[in-house]
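Q: Please take a close look at how the protein meets the DNA. Which groups touch, and how do the two sides compare?

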2 protein chains.
Amino acid sequence: MAGRIAAVSIVDAIAADLRSRVFSGELGSGEALTETDVATSYEVARPTAKASIEKLVAEGLLDRGTHKTARVVELGPESVRDIYLARAYLESEVLRRLARTKDVPQEAVQANRDIAAVKTGAPLDVVEPDMRFHTSLIDAVGNERISRMYRSLVGEVRLCMVRVQSLHLLDTELILAEHQKILELIEGGQGEAAAELLDEHLGRARERLVAAMGGSAGPEAGYPSGLLPE
Amino acid sequence: MAGRIAAVSIVDAIAADLRSRVFSGELGSGEALTETDVATSYEVARPTAKASIEKLVAEGLLDRGTHKTARVVELGPESVRDIYLARAYLESEVLRRLARTKDVPQEAVQANRDIAAVKTGAPLDVVEPDMRFHTSLIDAVGNERISRMYRSLVGEVRLCMVRVQSLHLLDTELILAEHQKILELIEGGQGEAAAELLDEHLGRARERLVAAMGGSAGPEAGYPSGLLPE
DNA sequence: ACATGTGTACTTGTTAGACAATCTAAAGGC
DNA sequence: GCCTTTAGATTGTCTAACAAGTACACATGT
């Protein structure tokens, strides 16, 4: 059941590789990706490269207009706010819903454990389990379209997370503690409180990242009260 | 400013035409769309047709696996529930948000007027302004990603609406009255009430459509109390 | 009769090379 | 220095073709 075979097309394979190169920072913000470049470097035909690029454009990871070269998206402060607010919209509703049935998804619990496990390593290692924590909450409502919508956001969200971690804007302990508390609130049926904590959780990351990018941070950037014993 | 010129690519043009043919019912549920068919009928090369088809697949209007012919999606009762619940997630949050600032978008008001204007004509004419009513509410929050996410749903939503109207499952007067009431609740700052009414509004359409498709309808299918004087 | 294997037709995945339209940036003229 | 022209690079689209996969009918063996 696990690891079902996947007959990936060449297009998908290249798209996946490009994606990971964007996430790893190998392809930096604003970097150009011409169709011929991609085609030659992967030794495929140009239409194939084109299709891969178009996939990433659809995901929001690349940007391009007609007849213009595709470039890695440049996230400004406004985009960051846009992204995090969209996240908050979806995720807070999801938490309320999950709390109603007191349904704590095991995958989220596991993801948080994984964050704890890597907390001594490189800061970028936190990104994957952190992302997984949030996606597993979304997936837990069991709505295909909602998961799909969230997926369309995930690429950009991950880009933001990479930035947050690279710049050490958040303490891993804090992430961990807040995730834990959110799960507890769901278990206790306190949806509204969970949604509020999530708003704080996301708001802090959001405003600190905005500030780090040269925007003016909102009040949400501050530290929380009481979760971490000084 | 209005009607800004659009240098549409051939791919986009074909995609747009196919889309409208799906919505109009000319291309029925489950109908096959071969790449060569599309290519010959529009007199373009197969790769061009392929790209168009892939666009519609990404939109959720067509369905296809690797090496298999693309087909118009077949919406079962489960899909309908999935779609409408996803809608409700986004839209109810949006209403709460709009009510907080008592922000009644003019486009929504206009859309509802347009519904009233066509109410004597063909039932399918209601679909476009009805869809516009809901999208304009979403767009009113001014979040690019949220609008984008909703767009990814719009294709399927519209398919559902076409069904609802074709089968005369809802009275236009009722749609109109509930839309009106929702706008009033927003204006009055009563976000929670607006969200609840929306849930009713969507829930009724949802369960009636489910029932019409052979699923078992939930309790939401019934008529409302008091909005329409008998 | 049933299950199994085979084969052919249809369809998609991918490639190659080519041309026109468009964008980008550098060279030149005022 | 600024604007225009020109050349190069890049994308949009096409034609033609082969490889690989799917589907369905057919034949085979039990």
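**The DNA-facing surface**

A: Of the atoms of DNA strand D that come within 4 Å of the protein, 78% are sugar or phosphate, and the rest belong to bases. This is a predicted model: local features need pLDDT of at least 70, side-chain atom pairs count only at pLDDT 80 or more, and totals for chains, interfaces and linings use all residues. Residues are numbered from 1 along each chain as its sequence is written, chains are lettered from A and ligands numbered from 1 in the order in which they are written, and side-chain values use heavy atoms, with hydrogens and water left out.

Stay with DNA strand D. There are 18 residues around this strand (near means that a heavy atom of the residue lies within 4 Å). R46(A), K50(A), I10(B), A45(B) and T48(B) come nearest. Both chains therefore appear in that list.

Now the polar contacts (pairs of N or O atoms within 3.5 Å). In K50(A), a side-chain N or O atom lies 2.3 Å from a phosphate oxygen of DNA strand D. T69(A) reaches a sugar or linking oxygen of strand D, with a side-chain N or O atom at 3.5 Å. R46(B) goes to a base: a side-chain N or O atom sits 3.2 Å from a base nitrogen of DNA strand D. Three elements give two or more residues to this surface: α3 of chain A, and α1 (10–23) and α3 of chain B. Helices here are DSSP runs of H or I with at least four residues, numbered from the N terminus. The largest share, 3 residues, comes from α3(B). By class, the surface near DNA strand D has 5 nonpolar, 6 polar and 7 charged residues. Asp, Glu, Lys and Arg count as charged; Ala, Val, Leu, Ile, Met, Phe, Trp, Tyr, Cys and Pro as nonpolar; the others, Gly among them, as polar.

Turn to DNA strand C. It has 18 residues around it, and the nearest are I10(A), T48(A), T34(B), R46(B) and K50(B). Sugar and phosphate make up 79% of the strand C atoms that come within 4 Å of the protein.

Its contacts span backbone and side chains. I10(A) uses a backbone N or O atom, 2.7 Å from a phosphate oxygen of DNA strand C. K50(B) places a polar side-chain atom 2.3 Å from a phosphate oxygen of this strand. R46(A) is on a base: a polar side-chain atom lies 3.2 Å from a base nitrogen of strand C.

For DNA strand C, the helices that each supply at least two residues are α1 (10–23) and α3 (46–59) of chain A, with α3 (46–59) of chain B. Here α3(A) gives the largest share, 3 residues. The surface near strand C divides into 5 nonpolar, 6 polar and 7 charged residues.

How do the two chains relate? A turn of 180 degrees, with a shift of 0.0 Å along the axis, lays chain B on chain A with an RMSD of 0.1 Å. Because of this turn, the relation is that of a two-fold axis. The superposition is by least squares on C-alpha atoms of residues with pLDDT of at least 70 in both copies. The same surface serves both copies, as 100% of the contact residues of chain B recur in chain A (contact: heavy atoms within 4.5 Å). Of the residues of chain B, M149(B) comes closest to the rotation axis, with its C-alpha at 2.7 Å.

How values were computed: Polar contact = N/O pair within 3.5 Å; in protein donor to acceptor, adjacent residues only side chain to side chain.
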